[in-house]
Amino acid sequence: MISPRHVEDPVTRPPVHLIRSILPLLLAGSIPVHADAQSVRGRLLDPDGETGLGSAMIVLEDRNGNELQRTLSRSNGLFQLDAPVPGSYRLRAERIGYATTYSDYLDLAAGETITQNLVAAVEVTTLQGLVAVGERKCTVRPEEGLAVTRVWDEARKALSAAAWTQERGYYQYEMMNITRRLEPESRKIINEQRSYNRGYMQAPYVSRPADSVVHGGFARINARESVYWAPDAEVLLSDAFLDTHCFNLKTDAGEAPGLIGLTFEPVSGRRLPDIGGTLWLDLATSRLERLDYTYRNLDLPRTILTSGIGGTLEFEALPNGTWIVNKWRIHMPKAGMGTNVLSGGGTAILEEIIVQGGDVIRVHGNEGTVLESDLGGGIAGVVRDTMRAGLPNARVYVVGTGIETFTDAEGKFQLAGLDAGVYSVTFSHPYLEPYAYTPEPFEVEVLADTDTPAQVSFTAPRAARIIRGLCSDVERPPALVSGGQEVSTSGILVGRVTDSGGNPVPNAMVRILSNQFDVGGPVLRMDRGGTVVSTNESGYYRACWMPVDSPLNVAVLDPDEGDPSDIDAAKLLTGEQEVILSPVAPLGRIDLRINPR
């Protein structure tokens, strides 16, 4: 049993080994060649045989398939690798979404440098249709030719690039670390603390060594403490992890549309605290998107185990083919002692849930700057779209103030006349607003006695990522059963409320009724049969975890007439509109216009 004093409170004592930081930045450069070294240099070429290909992982391996050294090809396709001793070696070139390219074996003499160009394979690797032929058996180190292996190979390419980036210390990072305390039942945020870290780092997110977590466990729970660790790329690629976990495939049209999942579980008989989860890859591009994981084999009461102990890592490709974890969250329970209503004795209860995580908000390197701070008496920068082009007509504003501006035709903006201090800055744009989505703000420091504005850049997220994450911060309701069958609640309903003149109505109360509905959404008032959500300052609303394949009646309540908590009897400002959300495409939209009185 876990008493309150035995549970490590991450708010005051975070498991800092989850997020190591402040290590020297090593910028990319030429690999030094020693007088007695033997090496292979060359270019990776497009199938036309002339154009160099950058951002590919080039690996030197021996005749036993052992990987000896790796590097990323430069933008012109150039690479160089050193061999530890004279011998016979070959090159392997890997690009996400394409077949692997191999060279012939090369015989390297002592101190010799060989030039060997590679023409990249033109064959595209597709993951479409793999689920239908996926293996049912959970497989440890699946053999070549299996469907699960094809998905693992694409995930491995991104993980290998992330591990390589981590080893090199390629970038300078600035991050926002977040700690939240959630109420265990409603998951309402009790408290949120944010800390802004800046400095030189090996990587924004680093786990404990693979041997430590695989052989010692991913959690340590005893009479003195309760600590949880998450994996990183090096852990997932390690022999220790691959030998103790088996893999399979899955899809989830509701939770992960357009993605294929590579699931993993601890092998049978493993008793140490461990993790199971899913690596999600884009079916069309084969790009690794994220890892969702939960903990296994924890010696905790059932009331604690059902709290959803686990986390998420999101992966992002950076310039030159490098990869990082750019966002991470881990959910951990905080237990306490309560009274068993039947026996009257003591029992463990879930007091609250601690969420720790971080977001990369600035990345500096040779290839460019995602977000740069030249601190000054104002804030200036650019908003880019998903293709890295300037995004015009975006509203950039300081949270909690009336300070705002709009980007020009090139996506540039400037906020002037600011006092010294730290400001929370974010942006909005018409293409984001229908989802009731606002990017998390960046903390920007403005210094006194300088005319140079602080520089901050934003990149708008892809629409697919917005949709996938729309309800990530909202607790999913328990399964609903109707007619003896479970009712799917994977639907998301969005829309806008305007007045008779077409102007947005903030804080409007949008009521959603269903015969197969009990809970869900960012609830203001709730009763059996429906829920009420509120519009934001731009008049947009969002309702999560709606029933699908079932009619939903949507209207705006009149707060001045009747009791709004009685959503069946309350008077309406609009007529009712009906919508049925599809389980295949669960996002729906209903706009409402308030009738003139």
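This section describes the overall make-up, the cavities, the disulfide and the backbone exceptions of a predicted model.

The chain consists of 597 residues, of which 51% are buried. Its secondary structure comprises six helices and 39 strands. Contacts were also examined by separation in sequence. Of the contacts between residues at least 6 apart in sequence, 63% join residues at least 24 apart.

Rolling a probe the size of a water molecule over the atoms shows where empty space is left. In this model, two cavities of 30 Å³ or more were found, and the largest cavity has a volume of about 70 Å³. The elements that give two or more residues to the lining of this largest cavity are helix H1 (147–168) and strand S19 (323–339). The greatest contribution comes from S19, with three residues. The lining of the largest cavity includes Ala162, Gln166 and Tyr173, together with Ala203, Pro204 and Tyr205. Asp232, Ala233 and Phe315 also line this cavity, as do Trp323, Ile324 and Val325. By class, ten of the lining residues are nonpolar, one is polar and one is charged.

Helix H1, one of the elements at the largest cavity, was examined further. The helix has 22 residues and, at 1.5 Å a residue, should span 32 Å; the end C-alpha atoms of H1 are 32 Å apart, in agreement with that expectation. H1 is mostly covered, with 18 of its 22 residues buried. Just after the helix, Gly169 adopts a positive phi of about 60 degrees.

One disulfide was found in a search of the whole structure. The bond joins Cys471 to Cys544, with an S to S distance of 2.0 Å. Cys471 lies in the loop between helix H6 (463–469) and strand S29 (480–482), whereas Cys544 belongs to strand S35 (residues 540–546); the pair therefore ties together parts that are 73 residues apart in sequence. The torsion about the S-S bond is about -90 degrees, so the disulfide is left-handed. Both partners fall under the 20% limit for burial: Cys471 counts as buried at 5% relative accessibility, and Cys544 is buried with a relative accessible area of 0%.

Backbone torsions were considered next. Most residues other than glycine have a negative phi, and most peptide bonds are trans. Trp545 has a positive phi of about 55 degrees although it is not a glycine. Trp545 is placed in strand S35, the strand that also holds Cys544 of the disulfide. With a relative accessibility of 9%, Trp545 counts as buried. A further residue other than glycine with a positive phi is Asn507, where the value is near 60 degrees. Asn507 occurs in the loop between strand S31 (491–498) and strand S32 (509–513). Its relative accessible area is 60%, so Asn507 is exposed. The two residues thus stand in opposite settings, because Trp545 is buried whereas Asn507 is exposed.

Conventions: Residues are numbered from 1 along each chain as its sequence is written. This is a predicted model: local features need pLDDT of at least 70, side-chain atom pairs count only at pLDDT 80 or more; totals for chains, interfaces and linings use all residues. Side-chain values use heavy atoms; hydrogens and water are left out. On a 1 Å grid over the protein atoms alone, a cavity is a set of points where a 1.4 Å probe fits but cannot get out, and a pocket is an open set with protein on both sides within 12 Å along at least five of seven lines; lining residues have an atom within 4 Å of a point. Grid points are joined across faces, edges and corners, and a volume is the space filled by probe spheres set on the points. Helices (H or I, at least four residues) and strands (E, at least two) are DSSP runs, numbered from the N terminus. Ala, Val, Leu, Ile, Met, Phe, Trp, Tyr, Cys and Pro count as nonpolar, Asp, Glu, Lys and Arg as charged, and the others, Gly among them, as polar. The expected span of a helix is 1.5 Å times one less than its number of residues. Buried means under 20% relative accessible area, exposed over 50%, partly exposed in between (1.4 Å probe, protein chains only). A disulfide is a pair of cysteine sulfur atoms within 2.5 Å. Contact means heavy atoms within 4.5 Å.
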